[in-house]
Amino acid sequence: MCNPDSFRNSWLVELGSGKYDVIVVGGGPGGLSAAVYLSGKGLKVKVFEKKKLLGKPVRCGEYFPVKDEMVKLLPRAKCIDIIDAPEESIDSRCKSIRLVSPRGHEFEFPFAAYILDRHVFESHLGEVAKSNGADIEVGVQAHYFPEDDGGWVGPSREEADHGEIIIAADGYPSETAERAGLPEREYGGPYSVATNIEYLMTDLGVEQDVAELYMDPRYSPGGYGWIIPKGHGRANVGIGIREPYVRRDWQIRDLLTGFIEKNKVAAPRLKGGQKTLLIADSLPVDGPLKRTYSDRVMAVGDAAGMVMPTNGGGIQTAMITGHLAGEAAVRFFEDKTPLSSYEDAWKDQIGLVMDNSKKMRQVSDRFMGHGFVFDLMLRVMGTKKISDVIMCQIPSGMGHFMNALA
Ligand SMILES: Cc1cc2nc3c(=O)[nH]c(=O)nc-3n(C[C@H](O)[C@H](O)[C@H](O)COP(=O)(O)OP(=O)(O)OC[C@H]3O[C@@H](n4cnc5c(N)ncnc54)[C@H](O)[C@@H]3O)c2cc1C
């Protein structure tokens, strides 16, 4: 079993002037999955991560669908076997999702997922990459200084290492992608980015094997609230919101408190719980960037907008796109195949699902601000169609409706 806290010092390597085949900016699930693949193929790889410890502090609900569910969700993905978590990184297991409508109607369907400890999970990925020979440097905020032959990455130009290929895995918004000339700034529309805020709560009596999603325009305008059980009476409890739906005088922290204390269904379930760690972060929910590669750079995970727009899940798509970027880099070194092969691969394997998911998010955008109408729509749809939408599949018989409204 790995001991994540013991890695930190042993990963420190000398700063600057190293030569690498690939440099990865960002040691989240996307960047580390790329590093695992590339180092496994014998390439010289370095990862820069600005946090002092991989995956900590956590900024995530840590909900991680099991591989069998991902096969159904992303049926064309060829590297689905990488979607796995070592036993020690699994805090708890959920067997179903329960969606609660604005007026408190509940829709539950089976769906198996692990709830991770992301610090342990990402430390495990880092350990695998390191054992393959990758250098992983934590506690360094790195910047990309482009050159025609790849470029330099480091805390400053003077202390930078050289990479022939650079992988932008630094989350959203990605400075690396922007410096590479990718259209990161186009991703700024108010409907495109969610702000998420979450407490880790303890001393709870919530069911430990059901993840709950709350559609509640009062306390999670433009998004949803969640209770994701983490075992031993703990849960990640949070909300995601989007700016156009938020009235000016509302503060996001007050909205989360409102959700915890006033949502008619959630409040009684959370009563008596203690709020501990508070985290917040933004998330791209408008689908992939229009262009995810340049001559020498590929953007993966959140840096490339690879989050499923209808459910906000991004761990798995980060891992898959990180892996696909790794494969494209290997092709580049084998026979100079252009990095466009990365974009071709993700479009082929997960592109349709991402497109459909965005379409369905755009349709639900039309109803989200109106609690009564949204509630009615959910009741008309029923559990099966709701589960399809959350899982990014266009429900049968609703294709024309979705296309017309998207
Ligand atoms: C509150 C919240 C809850 C969420 N819940 C879920 C969930 O339950 N399930 C799910 O699947 N998804 C969830 N997501 C989304 C998920 O967390 C992301 O989609 C996923 O982490 C993307 O992985 P990534 O590797 O692309 O980016 P990240 O995990 O963001 O990793 C990027 C890394 O790059 C580092 N970095 C950034 N800039 C630099 C730099 N200049 N130099 C060095 N390092 C840098 C960061 O420190 C970070 O570690 C949630 C997101 C939020 C905000």
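In which loop is the place of Pro 173? Pro 173 sits in the loop between strand 9 (161-168) and helix 5 (175-179), and we return to that spot in the last view but one. This is a predicted model, in which local features need pLDDT of at least 70, side-chain atom pairs count only at pLDDT 80 or more, and totals for chains, interfaces and linings use all residues. Residues are numbered from 1 along each chain as its sequence is written.

**View 1. The whole protein chain.**
Welcome to the overall picture: the protein chain has eleven helices and 15 strands. Helices (H or I, at least four residues) and strands (E, at least two) are DSSP runs, numbered from the N terminus. The C-alpha trace spans about 60 × 45 × 40 Å along its principal axes. For 406 residues, a compact globule would have a radius of gyration near 22 Å, and the 21 Å of the protein chain agrees with that. That radius is taken over C-alpha atoms, and the globule rule is 2.2 Å times the number of residues to the power 0.38. Of the 406 residues, 51% count as buried. Here a residue is buried if 20 or more other C-beta atoms lie within 10 Å of its own, exposed if 12 or fewer, and partly exposed in between, with C-beta atoms placed from the backbone. Among contacts between residues at least 6 apart in sequence, 71% join residues at least 24 apart; two residues are in contact if their C-beta atoms, placed from the backbone, lie within 7 Å.

**View 2. The open sheet of eight strands.**
The strand order is 3-5-4-11-12-13-10-14, with mixed pairing; two strands pair if DSSP finds at least two bridges between them. Strand 3 (63-65) and strand 14 (274-284) form the edges, each with a single partner strand, so one side of each has no neighbour in the sheet. Neighbouring strands are turned by 30° against each other on average, direction ignored. Helix 6 packs on this sheet, touching strand 10, strand 12 and strand 13, and its direction makes about 130° with that of strand 13. Helix 10 (residues 371-390) also packs on the sheet, where it touches strand 4 and strand 5 (106-116), and its direction makes about 35° with that of strand 5. Axes are lines fitted to C-alpha atoms, for helices over the stretch in contact, and angles run from 0 to 180 degrees between N-to-C directions.

**View 3. Strand 11 and its two partners.**
Four of the five residues of strand 11 (residues 210-214) are buried, so this strand is largely enclosed by the rest of the structure. Strand 4 (residues 90-100) pairs with strand 11 in the parallel sense over five bridges, and Arg 98 has Glu 212 as its bridge partner in strand 11. Strand 12 (residues 225-231) runs antiparallel to strand 11, joined to it by three bridges. Look for Leu 213 opposite Trp 226 in strand 12.

**View 4. The two sides of helix 6.**
In helix 6 (residues 252-262), the buried residues are Leu 255, Leu 256, Phe 259 and Ile 260. They cover an arc of only 135° around the axis, which puts them on the same side of helix 6; the arc is that of the directions from the helix axis to the C-beta atoms. These buried residues pack against strand 10 (193-202), strand 12, strand 13 (234-241) and helix 7 (266-270). The face turned away from the buried side carries the exposed residues Asp 254, Glu 261 and Lys 262.

**View 5. Two cis peptide bonds.**
A cis peptide bond joins Lys 56 and Pro 57, with omega about 0°, and Pro 57 lies in the loop between strand 2 and strand 3. The bond from Tyr 172 to Pro 173 is cis as well, with omega near -10°. As promised, Pro 173 is in the loop between strand 9 and helix 5.

**View 6. Positive phi in two loops.**
Most residues other than glycine have a negative phi, and most peptide bonds are trans. Asp 203, in the loop between strand 10 and strand 11, has a positive phi near 60°. Asp 203 counts as exposed, with 11 C-beta neighbours inside 10 Å. His 232, in the loop between strand 12 and strand 13, has a positive phi of about 55°. His 232 counts as exposed, with 11 C-beta neighbours inside 10 Å.
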